[in-house]
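Reader: Before setting anything up, I would like to go through this model with you. Could you begin with how its elements are assigned?

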Amino acid sequence: VTDVARETAADGDKVDLVIYLSEGDKYTVNSVDATGIEVVDQADVISRLEMQPGSVYSSQCIKNDIKALRKYYGNNGYTNARVMPRITSAGGTSVDIQYEVSEGVQSTVELINISGNDITQDKVIRRELALAPGDVFNQDLMEVSRNRLLGLGYFETVEVTPTAAATPHHTDINISVREQSTGSINFGAAFSSVDNIYGLIELTQTNFNIRGKPRFLGGEGMRGAGQKIRLNLRAGAERQDVAIDFTEPWLFDRRLSLGVGGYFRDLQFYSDYYDQRDAGGYISLRKPLGEFSSLSLKVTGENIEVDVDSDASDELKEEDGSYTRGLVGLTYLYDTRDSQYLTRRGHVLSASIDGSFGDVSNVAVTLRGSKYFLLPLDTIFSVSG
């Protein structure tokens, strides 16, 4: 800024401020180097930098490079790494950039302190963490832990911050959560040409504790163990449905999810000549295979009762009676979505094979996939098939 002038505007009650700029010359980067690097590969460090020889000099890119270097060292356990940039003239309109690195000492996780969870049990939070006491500190895994906790849907906010531990060369991780409501009651009424008029009600609790004692019996309530339970009722002129589902995501405190459920459906809308009643139950197991993949096994047993009217055709009358069916399904899932509730990035792929046996037998193979893209203005574009 070479000058700032104040000039009287056409309106006598106002003034114009005129700022004179001298842009100077545009500088480019001649060379990029780093000193003080001993515990990691220097070539790997240099390749991560935005500022490269031949690029236009940018102070914002310098800040980004400092942040990237600190994160790189943080992912290798060096929480106290310091980076100081030095920019010197290389002659003309070019500069040399040198990052002076003080690596510090590799740090190990000592304590994980949790606060704010008045309802959710400590173990429900700890089992989702990608870091444990004794691990080498890793900044990326700390962010993975935060995303996992947010993905549970139990917390409105999750803050994960590292602090110096009482023991030298150790780091404590402080996790602060703010809990939110995890139960819901949905109810309503609807009309369609298929179902006619019907009412519905659904009760859901995603942070259930089946071993808890209700508050009205003097207990602490039936929340906080991370289990999920859902009761769905639907009744109308052409259908009556009831279904209940329960999920234990960590069976025996292991990464093994158990699901059980049952249902009854009385369906009159299939035809004017027969009614159908389905009753059954299922049990399922899901085992994570890695950070993003899992394998599920589901076994279902059901009874299907068909009640054909006396004025129906002979073909329909032949189907009158009761049928049993067993169903075994195996599903592989690969899911990198950043959130199951409002996905902005990532993809989900599934492949399943189901086989029926008993009075009804068939085999089905299903492939599904979805890809999510985050566009400007927080707009989400997805492709599914």
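Author: Helices (H or I, at least four residues) and strands (E, at least two) are DSSP runs, numbered from the N terminus. By that assignment, R286 is found in strand β15, residues 274-288. The model is predicted, so local features need pLDDT of at least 70 and side-chain atom pairs count only at pLDDT 80 or more, while totals for chains, interfaces and linings use all residues. Residues are numbered from 1 along each chain as its sequence is written, and side-chain values use heavy atoms, with hydrogens and water left out.

Reader: Is R286 buried, partly exposed or exposed?

Author: R286 is partly exposed, because its relative accessible area is 34%. Buried means under 20% relative accessible area, exposed over 50%, and partly exposed in between (1.4 Å probe, protein chains only). The areas come from the Shrake-Rupley method with a 1.4 Å probe, and for residues only the protein chains shown count as cover.

Reader: Which residues form a positive surface patch with R286?

Author: The patch joins R286 with K228, R254, R255 and K287. Patches are made of residues with over 30% relative accessible area and no salt bridge; like charges are joined within 9 Å, and nonpolar side chains (Val, Leu, Ile, Met, Phe, Trp, Tyr) within 5 Å. Lys and Arg count as positive and Asp and Glu as negative, whereas His and the chain ends are not counted. The place of a charge is taken as NZ of Lys, CZ of Arg, CG of Asp or CD of Glu.

Reader: And which residues make up a negative surface patch?

Author: D314, E315, E318 and E319 form a negative patch. Of these, E315 lies in helix α5, residues 314-317, and E315 counts as exposed because its relative accessible area is 57%.

Reader: Turning to salt bridges, how many are there?

Author: The count comes to 14 salt bridges, each being a side-chain nitrogen of Lys or Arg within 4 Å of a carboxyl oxygen of Asp or Glu. In general, side chains of opposite charge can pair when their charged atoms come close.

Reader: Which parts of the chain does the pair of E302 and R325 link?

Author: E302 sits in strand β16 (residues 293-308) and R325 in strand β17 (residues 321-335), 23 residues apart. Their side chains meet at 2.7 Å, N to O. E302 is buried, because its relative accessible area is 11%, whereas R325 counts as partly exposed at 24%.

Reader: What about E156? With which residue does it form a salt bridge?

Author: E156 pairs with R178, the closest N and O atoms being 3.9 Å apart. E156 lies in strand β7 (residues 155-164) and R178 in strand β8 (residues 170-179), so the pair ties together parts that are 22 residues apart in sequence. Both are partly exposed: E156 has a relative accessible area of 46% and R178 one of 49%.

Reader: Which residues are linked in a network of salt bridges?

Author: E202, R230 and D245 are linked in such a network.

Reader: Where are D253 and K123, and how far apart along the chain?

Author: D253 is in the loop between β13 (239-248) and β14 (257-267), and K123 is in helix α3 (residues 122-126), 130 residues away along the chain. They form a salt bridge with closest N and O atoms 3.2 Å apart. K123 counts as partly exposed, at 42% relative accessibility.

Reader: I should check the backbone there. What is the phi of D253?

Author: D253 has a positive phi of about 60°, although it is not a glycine. F252, which lies in the loop between β13 and β14, also has a positive phi, of about 55°, and is not a glycine either. F252 is exposed, because its relative accessibility is 70%.

Reader: Now the interior, please. How many residues has the largest nonpolar core?

Author: The largest nonpolar core has 22 residues, and those with the most contacts inside it are I37, M51, Y73, I97 and Y99. Such a core is a set of buried Ala, Val, Leu, Ile, Met, Phe, Trp, Tyr and Cys residues joined through side-chain atoms within 4.5 Å. At least two residues each come from β3 (28-35), α1 (42-47), α2 (59-74) and β5 (94-102). The most, six residues, come from α2.

Reader: Lastly, what separates the C-alpha atoms of N76 and Q106?

Author: Those C-alpha atoms are 7.4 Å apart, with N76 and Q106 being 30 residues apart along the chain. N76 is found in the loop between α2 and β4 (82-89).
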